[in-house]
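Please open the model in your viewer and keep the sequence panel beside it. The tour below proceeds by selections, and each stop says what to pick and what is there.

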Amino acid sequence: MGLEAMRVSLGLQHGIQVTLPDFLDTCDTADLKMKLHSLKEEGSKGPGYSIRQLAFILETWSTKVRRPVRLGQMLKEAGRRKDTSQYFTYGPYDAKKTVWVMCQTMDEDAPEWFGLQPNPPKSKGPPAEGKSPANNETPSGPRGMAEAEYSMRFSNGFRTLETSHAGFLCGLYAPIETMKAMKREQSYNNLPVPTFEELKNIWSNPTLRKEMTEVYGEDQVNNLDASQISRVLDIWGKEHNLVLQIGVLERNNATFQTGTRGGIKKPFLVPHPEANNPLCMVIWIHNDSAQNGQLGILGHWTGVMPT
């Protein structure tokens, strides 16, 4: 979700805290909505925003708050062994700050967006619109950190934990099971654990429901994705003075072997604005990738623990 990636990157790279409604409220007039709609890329069928729409939202917001920034895009193609990343910038040329986000293309209509850590390209000047910076100006993303976190937590592998799928809300049950397992370890014995009712109440909150509907284009009541799980857990964490970041282990159906690094795709961390906080704690969850592109089949989230 591109708006969330921009929000996270603003916080990580420039220390600017923004909410999703802040972005959306900047385009609330008929003229701005028409302009935004006109920037939808031809042929795009997905509910998300195009890169030019995101750049327009960012520029409109930055003009309103008088903090000139421009949007930088790191474009990656999933499945490539060789790094063929491309870099583009959009927005006012005189902006001294660039907000870098990563767009990983998985298929034409469903790109995956990530916020980036706070060491974006060091450029002597903004490149022309749509042009790529020099090859050494590469922003770093969350994947390297995810591998390091995974190695520290699961040095001898992991196992999944039995997790309820009641109401297709396994995404809320999964972090609870992980945190229950963590609490049994001496180093985490003071860790509070959310109840399902607490997370369900957060997910059902009308304010969050409205936010999610505006971002996803529908009022989704269950079958949460990683970003939605992260949002719920982040709100709960703040209520308990905790900084919690979701880490995702996704089953690799081609090389599956239970509980091993080879049996999962590259682990990743859902971007979090306080990822660099020394108190930030990663809560890992696992998805079995059961859907694998098949309609009518849903993937299942489970908690995990080290073996």
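Helices (H or I, at least four residues) and strands (E, at least two) are taken here as DSSP runs, numbered from the N terminus. This is a predicted model, in which local features need pLDDT of at least 70 and side-chain atom pairs count only at pLDDT 80 or more, whereas totals for chains, interfaces and linings use all residues. Residues are numbered from 1 along each chain as its sequence is written, and side-chain values use heavy atoms, with hydrogens and water left out.

**The whole chain**

Begin with the protein chain in cartoon view, where the secondary structure comes to 9 helices and 9 strands. Colour by accessibility, with buried meaning under 20% relative accessible area, exposed over 50% and partly exposed in between (1.4 Å probe, protein chains only); of the 307 residues, 47% count as buried. A contact means heavy atoms within 4.5 Å, and among the contacts with a separation of 6 or more, 63% join residues 24 or more positions apart.

**Methionine 102**

Select strand E3, residues 97–105, which contains methionine 102. At 3% relative accessibility, methionine 102 counts as buried. Add leucine 116 to the selection: the C-alpha atoms of methionine 102 and leucine 116 are 6.8 Å apart in space, while the two residues are 14 apart in sequence.

**Helices H1 and H4**

Two packed helices are described by the angle between their axes and the distance between the axes. The axes are lines fitted to C-alpha atoms, for helices over the stretch in contact, and angles run from 0 to 180 degrees between N-to-C directions. Select H1 (residues 2–14) together with H4 (residues 51–65), which pack at an angle of about 45° with their axes 10 Å apart. H1 is therefore oblique to H4, given that angles under 35 degrees count as roughly parallel, over 145 as roughly antiparallel, 65 to 115 as roughly perpendicular and the rest as oblique. Showing side chains brings up Gly2, Leu3, Met6 and Leu10 of H1, which meet Leu54, Ile57, Leu58 and Trp61 of H4. By class, this contact has 7 nonpolar, 1 polar and no charged residues, where Ala, Val, Leu, Ile, Met, Phe, Trp, Tyr, Cys and Pro count as nonpolar, Asp, Glu, Lys and Arg as charged, and the others, Gly among them, as polar.

**The five-stranded sheet**

Next, select the open sheet whose 5 strands run in the order E5-E9-E8-E6-E7, with mixed pairing; two strands pair if DSSP finds at least two bridges between them. Strands E5 (158–161) and E7 (268–269) stand at the edges with a single partner strand each, so one side of each is left without a neighbour in the sheet. Rotate to helix H6 (residues 170–183), which packs on the sheet and touches E5, E6, E8 and E9 (301–306), its direction making about 125° with that of E8. Helix H9 (residues 226–239) lies across E6, E8 and E9 and runs at about 155° to E6.

Which strand pairs with E6 in the parallel sense? The partner of E6 (residues 243–250) is E8 (residues 280–287), over 8 bridges; along this pairing, valine 243 has cysteine 280 as its bridge partner, and glutamine 245 stands opposite valine 282. E8 also pairs with E9, here in the antiparallel sense and over 3 bridges, with glycine 303 as the bridge partner of isoleucine 285.

Now isolate E8. In a regular strand the side chains alternate between the two faces of the sheet. Cys280, Val282, Trp284 and His286 point one way from E8, and Met281, Ile283, Ile285 and Asn287 point the other way. Of the 8 residues of E8, 8 are buried, so the strand is largely enclosed by the rest of the structure.

**Helices H6 and H7**

Return to H6 and add H7 (residues 196–204): these helices pack at an angle of about 140°, with their axes 10 Å apart. H6 and H7 are therefore oblique to each other. The contact is made by Leu172, Tyr173, Pro175 and Ile176 of H6 with Phe196, Leu199, Lys200 and Trp203 of H7, and by class it has 7 nonpolar, no polar and 1 charged residues.

**Two asparagines in loops**

Most residues other than glycine have a negative phi, and most peptide bonds are trans. Finish with asparagine 223, in the loop between H8 (206–216) and H9, where phi is near 55°, a positive value. Asparagine 241, in the loop between H9 and E6, likewise has a positive phi, near 55°. Is each of them exposed or partly exposed? Asparagine 223 counts as partly exposed at 33% relative accessibility, whereas asparagine 241, at 75%, counts as exposed.
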